[in-house]
Number of protein chains: 2
Amino acid sequence: MPPPKPPSATPDLPAEPTQARRFGKARTAQASALLEDYAELIADLLASGGEARPTDIARRLGVSHATAIKTISRLKREGLATAKPYRGVFLTPEGEALADRVRARHRLVVDLLLRVGVPAEAAEQDAEGIEHHVSDVTLGAFSRFLKDHP
Amino acid sequence: MPPPKPPSATPDLPAEPTQARRFGKARTAQASALLEDYAELIADLLASGGEARPTDIARRLGVSHATAIKTISRLKREGLATAKPYRGVFLTPEGEALADRVRARHRLVVDLLLRVGVPAEAAEQDAEGIEHHVSDVTLGAFSRFLKDHP
DNA sequence: GCCAAAGTGTAGCCTCGTCTACAATTGTCA
DNA sequence: TGACAATTGTAGACGAGGCTACACTTTGGC
């Protein structure tokens with residue numbers, strides 16, 4: 001490859017740092033996505049059934065119980081959950097706060113999708129993946145849009 | 001934990017299989033996200049600069065060149081790209097098709113976000129993460145919404 | 001009271017995506 | 001022409017997230 005192309009081989013695309021930052025953020029967002037899903041699900045189970053058991057969590061998420069247990073360990077490591085052996089999982093205050101935020105965001109994303117005409121089934125499905133990448137700014141815009149276009 | 005709760009410990013949440021399917025899909029979507037980003041970027045570089053070099057790709061994506069090269073290998077393994085040592089990267093027809101699809105989807109997602117009032121900067125940023133989780137059904141809805149609400 | 005089934009936990013393995021460090025190639029310019 | 005700087009490629013490590021297989025608790029029902 002020719003070295004003398006002075007600064008970059010691609011003059012017209014957006015400045016690299018911007019694009020790199022964007023991709024990087026999308027990558028890190030994905031990293032916390034799993035924990036968010038777990039927190040939300042645990043909160044749901046606790047609220048409705050009273051118990052959050054690894055096997056139930058695994059079944060809901062479509063993974064093996066071993067995987068669920070491993071991720072629950074990570075949740076504990078990050079201070080989001082507590083669990084004593086053979087005793088079910090609970091959320092710490094931070095875990096609950098996270099779950100609340102996630103739940104609100106999920107609802108908002110689904111509502112927005114429905115509002116722009118996405119069928120319910122697809123809205124739920126896609127929201128599961130989309131929600132983890134919606135920034136607060138965008139969330140605010142969604143909420144405003146829904147208020148103005150009921 | 002009590003064994004005799006007949007079918008499940010959580011009676012009121014949506015049926016497990018549905019939810020598991022949703023999460024599973026979100027997980028696999030994320031798996032192809034990287035390849036999609038690479039394909040799109042390579043197409044951009046090829047179109048504008050004429051060359052797609054591993055180092056440029058790495059810089060744009062904000063990763064080390066080693067990471068880029070490894071991912072390019074995967075692209076080749078999956079039949080999306082071709083590359084000879086020290087000679088730059090090119091897309092196969094399938095790779096180009098993928099890039100086209102990804103680019104169109106990206107544009108549609110950004111447009112939709114802008115249309116509902118998301119600031120340009122946030123729209124671009126969030127779209128980078130969101131686009132990989134937007135199904136064809138949802139994409140169709142977006143396109144219809146934009147046509148009906150110009 | 002015991003016991004078998006269900007749930008829980010552990011170990012070991014795999015792939016992906018990322019990195020750093022080191023080796024090899026290229027191509028210009030002195 | 002040959003050396004040097006940049007690019008490219010390779011090796012090895014690591015953590016996340018997944019799985020299967022195997023071991024250990026718990027607990028209701030007999």
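**Reading a two-chain model**

Biologist: Just after H3(B) comes Gly79(B), and its phi is positive, near 75°. How do I read labels like these?

Modeller: Residues are numbered from 1 along each chain as its sequence is written, while chains are lettered from A and ligands numbered from 1 in the order in which they are written. This is a predicted model, where local features need pLDDT of at least 70, side-chain atom pairs count only at pLDDT 80 or more, and totals for chains, interfaces and linings use all residues. Helices (H or I, at least four residues) and strands (E, at least two) are DSSP runs, numbered from the N terminus.

Biologist: How many helices and strands does chain A have, and in which pattern?

Modeller: Chain A has six helices and two strands. Along the sequence they run α-α-α-β-β-α-α-α.

Biologist: What is the confidence of chain A?

Modeller: Look at pLDDT, the predictor's confidence in each residue, from 0 to 100. Its mean in chain A is 90, and 89% of the residues reach 70 or more. Helix H6 (residues 136–148) of chain A has the highest confidence, at 98, and helix H1 (residues 16–48) of chain A the lowest, at a mean of 92. Over residues 1–15 of chain A, pLDDT stays under 50. The model has 15 contacts beyond four places in sequence for that stretch.

Biologist: What counts as a contact?

Modeller: Two residues are in contact if their C-beta atoms, placed from the backbone, lie within 7 Å. Take the contacts in chain A between residues at least 6 apart in sequence: 47% of them join residues at least 24 apart.

Biologist: How do I check the length of a helix, say H3 of chain B?

Modeller: The expected span is 1.5 Å times one less than the number of residues. Helix H3 (residues 65–77) of chain B has 13 residues. From first C-alpha to last it reaches 18 Å, close to the 18 Å expected.

Biologist: Which residues of H3(B) are buried, and which are exposed?

Modeller: Count neighbours: a residue is buried if 20 or more other C-beta atoms lie within 10 Å of its own, exposed if 12 or fewer, and partly exposed in between, with C-beta atoms placed from the backbone. In H3(B), Ala68(B), Thr71(B), Ile72(B) and Leu75(B) are buried. They cover an arc of only 110° around the axis, which puts them on the same side of H3(B). The arc is that of the directions from the helix axis to the C-beta atoms. On the other side of H3(B), you find Ala66(B), Ser73(B) and Arg77(B) exposed.

Biologist: What share of chain A is buried?

Modeller: Of the 150 residues in chain A, 39% are buried. Now an in-between case. Glu78(A) counts as partly exposed because it has 15 C-beta neighbours inside 10 Å. Glu78(A) sits in the loop between helix H3 (65–77) and strand S1 (81–83) of chain A.

Biologist: Back to phi. Which sign do most residues have?

Modeller: Most residues other than glycine have a negative phi. Tyr86(A) is not a glycine, yet its phi is positive, near 65°. Tyr86(A) lies in the loop between S1 and strand S2 (89–91) of chain A. With 8 C-beta neighbours inside 10 Å, Tyr86(A) counts as exposed. In chain B, Tyr86(B) also has a positive phi, of about 65°.

Biologist: How are the two copies related?

Modeller: Superpose them by least squares on the C-alpha atoms of residues with pLDDT of at least 70 in both. A turn of 180° and a shift of 0.0 Å along the axis lay chain B on chain A with an RMSD of 0.1 Å. The two copies are thus related as by a two-fold rotation axis. In chain B, Ile130(B) comes closest to that axis, at 2.5 Å (C-alpha).

Biologist: How many residues does each chain give to the contact?

Modeller: Chain B gives 51 residues and chain A gives 51 residues. H1(B) gives the most to the side of chain B that touches chain A, with 15 residues. By class, that side has 21 nonpolar, 14 polar and 16 charged residues. Ala, Val, Leu, Ile, Met, Phe, Trp, Tyr, Cys and Pro count as nonpolar, Asp, Glu, Lys and Arg as charged, and the others, Gly among them, as polar.

Biologist: Why do we say that the copies meet through the same surface?

Modeller: Because 98% of the interface residues of chain B are also interface residues in chain A.
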